[in-house]
Amino acid sequence: LKGDKQRYQLFSALQGTFNGFAVASVNYRLLPELHYLEYLKDASAAVRFLINHFETYKIDKENIFLWGESAGAFLSLLVGLTGQDGGVEKLLQLPMSEEIKINGIVSWYAPTNLLKHPDMKVLGEQSLNELKYRQQGESLQETLRRLSPINLLMENSPKLYIQHGLKDTVVPPEQAVELAGIASEYLSENELKIEYLVEGDHSTGRFSQEDNLE
């Protein structure tokens, strides 16, 4: 059940409040108790709730950014990249609703190509992905393709700011490289930025230092 928002990762996002941002920290239900679609629905519903209640929470609904680290960055990419044209509803097989307008996404060391992610490795008789998605074979392969952020980029995708640690052994830096490479086909130089933190690993330690949060 690692991933609850009460953990230390919340510190980084809250620093935005000192720079004039309204910050909402989103929780979502976790694996393995629930089907993987449930936490995707949670993330999408949370963003839609904030947009629909922008007046109550004094949110500029035309200037929404998503930010996450690791699994949270994965969800931020999924929701942000499928917000237009009913993409998120098609992805999650939900009833169509109003578009979600997202201006940009900050992605810290997100898995972006699930077919190349280390969770494909087999532990014992099953891979972690088989355990998480409760699928095997071609069915699992299709789910992983469908959920990989690299396959969700399109014209008018939100701006992307990608950071990844070169010492990350959980999600290899190549995942960020692949995302940026495909994004460059759709986004201009002003809309896409990728940075590598030489001493960064798969934690917020180096990323949350003051110079980086600036």
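Reader: What share of the accessible surface of the protein chain belongs to carbon and sulfur atoms?
Author: This is a predicted model, in which local features need pLDDT of at least 70 and side-chain atom pairs count only at pLDDT 80 or more, while totals for chains, interfaces and linings use all residues. Residues are numbered from 1 along each chain as its sequence is written, and side-chain values use heavy atoms, without hydrogens or water. The accessible surface (Shrake-Rupley, 1.4 Å probe) of the protein chain comes to about 11,800 Å². The share that belongs to carbon and sulfur atoms is 53%.

Reader: Which strands are at the edges of the open sheet?
Author: The protein chain has 9 helices and 6 strands (DSSP runs: H or I of at least four residues, E of at least two). Of these strands, 4 form an open sheet with parallel pairing, in the order β1-β2-β5-β6 (a pair needs at least two bridges). Twist from one strand to the next averages 10°. The strands that pair on one side only are β1 (65–69) and β6 (192–197).

Reader: Which residue of β2 stands opposite E69?
Author: β1 pairs with β2 (residues 104–108) in the parallel sense, over 5 bridges. Opposite E69 stands W108.

Reader: At about what angle to β1 does helix α3 run?
Author: Helix α3 (residues 71–81) lies across β1, β2 and β5 (159–165). Angles are taken between N-to-C directions of axes fitted to C-alpha atoms, from 0 to 180 degrees. Relative to β1, α3 runs at about 150°.

Reader: Is S76 buried or exposed?
Author: S76 lies in helix α3. Beyond its neighbours within four places in sequence, S76 is in contact (heavy atoms within 4.5 Å) with L66, W67, G68 and I105. Because its relative accessibility is 10%, below the 20% limit (exposed is over 50%, partly exposed in between; 1.4 Å probe, protein chains only), S76 counts as buried.

Reader: Within what arc do the buried residues of α6 fall?
Author: In helix α6 (residues 137–147), L140, T143, L144 and L147 are buried. They line one face of the helix, because seen down its axis (by directions from the axis to the C-beta atoms) they fall within an arc of 95°.

Reader: Which element gives the most residues to the largest nonpolar core?
Author: This core (buried Ala, Val, Leu, Ile, Met, Phe, Trp, Tyr and Cys joined through side-chain atoms within 4.5 Å) has 40 residues, of which Y39, L40, F74, Y133 and L160 touch the most other members. Two or more residues each come from α2 (36–52), α3, α6, β5 and α7 (174–183). With 8 residues, the element that gives the most is α2.
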